[in-house]
Amino acid sequence: MDLVHRHRLQLLGLLLSVIGWILTGTCNYLPDWKNLGLDLNELELWTMGLWQTCVVQDVGGTQCKDFDSFLALPIEFRISRILVSTSNGLGLLSLVISSLGLDCLKTENTEQKLKKQLLLLGGILMWISGVLVLVPVSWVAYTIIQEFGDEVIPEIVPRWEIGDALFSGWFGGFFIILGGSLLLLTMFFSSDHQLPEQYTMADMQDNRQQVEVGNRRL
């Protein structure tokens, strides 16, 4: 792969990962993992996130309250809080490590191997970060769908629905995995070796220098 194309692919992968990390961070703190609309009071909308629950009123704005106890949360929300928070931390760490391994950072030739190792480690951490957010988001969505279609629950009982934060988590996890994949893809195209054209030019220059040295001796 051409050196310029490899640089662009690395920058694109890092950009997608940054966007994904921002989306997953938004997913973590948005109090809209699931929402509940009441037929008796259409002016209110109840929302629930990993850290707090809110009541959205068309007239009085939004009122939110933090959860009093971690153990009081449903099991899927407890595990989701842990996994998504871990994903945000790993995502930030992977961005820092990957940025240090980019080819656009000028370093000595002796450090090229270290840069490739940093890029490899950053790409793997991005994959882990993306999976850690996709699993809980999909789990919560599956639970909501299962409860929504439960025939045992009377139809008069309000049902929770999927909130916007889950979509932010899905897109964020996908972007992080895609960005990490692009960074890992550049690992197959080594920058330590010259292209055939570069080998040819180097050989011609060496031969020319040898001829000049020979002429000087004569």
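Student: Which residues form the nonpolar patch on the surface?

Tutor: This is a predicted model, where local features need pLDDT of at least 70, side-chain atom pairs count only at pLDDT 80 or more, and totals for chains, interfaces and linings use all residues. Residues are numbered from 1 along each chain as its sequence is written, and side-chain values use heavy atoms, without hydrogens and water. A patch takes residues with over 30% relative accessible area and no salt bridge (a side-chain nitrogen of Lys or Arg within 4 Å of a carboxyl oxygen of Asp or Glu), joining like charges within 9 Å and nonpolar side chains (Val, Leu, Ile, Met, Phe, Trp, Tyr) within 5 Å. With about 370 Å² of accessible area together (Shrake-Rupley method, 1.4 Å probe, only the protein chains shown counting as cover for residues), the members are Ile75, Ile79, Trp139 and Tyr142.

Student: Which elements give two or more residues to the nonpolar patch?

Tutor: Helices are DSSP runs of H or I with at least four residues, and strands are runs of E with at least two, numbered from the N terminus. The elements are helix H2 (75-100) and helix H3 (112-148).

Student: What is the relative accessible area of tryptophan 139?

Tutor: Tryptophan 139 lies in helix H3. Buried means under 20%, exposed over 50%, and partly exposed in between (1.4 Å probe, protein chains only). Tryptophan 139 counts as partly exposed, at 31%.

Student: Which strands stand at the edges of the sheet?

Tutor: Two strands pair if DSSP finds at least two bridges between them. Five strands form an open antiparallel sheet in the order E4-E3-E2-E1-E5. Each edge strand has a single partner strand, so one side is left without a neighbour in the sheet: these are E4 (61-66) and E5 (161-162).
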